[in-house]
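Student: I would like to learn how to read strands, helices and odd backbone angles in a model. Could you walk me through one?

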Amino acid sequence: MKKKKEDIRNQILKKVKYYRNSRGVMFFDNPNNQFKENIVLDTNELEVLLIKLKRSRKIIVTTKYIYSIDKNLITKILAQDIDRFDYMEFINGEKIIEGGSKIKIMLLRFKMTFRIGNYRIVQRNGSFTELIIWRTRFADCLNDCIKKLKFVGNKYDAI
């Protein structure tokens, strides 16, 4: 089905409206928020939101792609190619617990309680992009964006 790119952006923004007042998350539906990155977007692509992980590390979500910017390295991930979004502390937790170090176990409990640490965007071809997220709201926002972007990317084509 074909849908306007503005409608696709509004559909994604409805899913992540709870993060609107979060510091570090910038929505591009307001004309005052301008897209300042040096990324060339496709004609049928529109920017949705920007998550500032650190000063030089950002994640830009558009209606078609997710861009991971780390200083000058830009990784472009097509929404239809995303297989899953993994929380690596949960996956690697068994090895740390079996190791037996009490300090590492306490650190793991802290990370798992607040859902901070290493995340991985895994693509269908087996490649992945590793992200270090230190705020729970950023991880939750990105998770909701990926879910909605996968749905919208598989169902609609932007005009």
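Student: Which residue in E3 is the bridge partner of Val 25?

Tutor: Ile 51 is the bridge partner of Val 25. Before we go on, a word on the source: this is a predicted model, in which local features need pLDDT of at least 70, side-chain atom pairs count only at pLDDT 80 or more, and totals for chains, interfaces and linings use all residues. Residues are numbered from 1 along each chain as its sequence is written, and side-chain values use heavy atoms, with hydrogens and water left out.

Student: How many bridges link E2 and E3, and what counts as pairing?

Tutor: Strands of a sheet pair through backbone hydrogen bonds, either parallel or antiparallel. Here two strands pair if DSSP finds at least two bridges between them. The element names are DSSP runs numbered from the N terminus: helices are H or I with at least four residues, strands are E with at least two. E2 and strand E3 (residues 47-52) are joined antiparallel by 3 bridges.

Student: What is the strand order of the sheet of 5 strands?

Tutor: The order is E2-E3-E4-E5-E6, in an open sheet with antiparallel pairing. Strand E2 (25-27) and strand E6 (73-78) are the edge strands, each pairing on one side only. On average, neighbouring strands of this sheet are turned by 15° against each other, direction ignored. For such angles, axes are lines fitted to C-alpha atoms, for helices over the stretch in contact, and the angles run from 0 to 180 degrees between N-to-C directions.

Student: How is E4 connected to E3 and to E5?

Tutor: By hairpins: 4 residues join E3 to E4, and 2 residues lie between E4 and E5. E3 and E4 pair antiparallel over 5 bridges, with Leu 49 opposite Val 61 in E4. E4 and E5 also run antiparallel and are joined by 5 bridges; there, Lys 58 has Ile 69 of E5 as its bridge partner.

Student: Are the residues of E4 mostly buried or exposed?

Tutor: Mostly covered: 6 of its 6 residues are buried. Buried means under 20% relative accessible area, exposed over 50%, and partly exposed in between, with a 1.4 Å probe and protein chains only. Arg 57, Ile 59 and Val 61 point one way from E4, Lys 58, Ile 60 and Thr 62 the other, and all are buried.

Student: Which side chain of opposite charge is nearest to Arg 57, and how far away is it?

Tutor: Asp 70, at 4.1 Å; Arg 57 is buried yet has no salt bridge. A salt bridge is a side-chain nitrogen of Lys or Arg within 4 Å of a carboxyl oxygen of Asp or Glu. Lys and Arg count as positive and Asp and Glu as negative, while His and the chain ends are not counted. Leaving out residues up to four places away in sequence, Arg 57 touches Ile 51, Lys 52, Ile 69, Asp 70, Leu 131 and Ile 132, where contact means heavy atoms within 4.5 Å.

Student: Which strands does helix H5 lie across in the sheet that holds E3?

Tutor: Helix H5 (residues 136-155) lies across E2, E3, E4 and strand E5 (65-70), at about 155° to E3. Helix H1 (residues 5-15) lies across E2, E3 and strand E4 (57-62), at about 40° to E3. Among the buried residues of H5 are Phe 138, Leu 142, Ile 146, Leu 149 and Val 152.

Student: What span should the 20 residues of H5 have?

Tutor: The expected span is 1.5 Å times one less than the number of residues. For H5 that gives 28 Å, and the end C-alpha atoms are 29 Å apart, which agrees.

Student: What is the order of the sheet of 3 strands?

Tutor: E7-E8-E9, again an open sheet with antiparallel pairing. Strand E7 (82-87) and strand E9 (128-133) each have a single partner strand, so one side of each is left without a neighbour in the sheet. E7 and E8 pair over 5 bridges, and Arg 84 stands opposite Val 122 in E8. H5 packs on this sheet too, touching E7, E8 and E9, and its direction makes about 165° with that of E7.

Student: Where is Lys 71, and what is its phi?

Tutor: Most residues other than glycine have a negative phi. Lys 71, in the loop between E5 and E6, has a positive phi near 55°. Lys 71 is exposed, with a relative accessible area of 62%. Arg 115 also has a positive phi, about 50°, and sits in the loop between helix H4 (102-114) and strand E8 (117-123). At 35% relative accessibility, Arg 115 is partly exposed.
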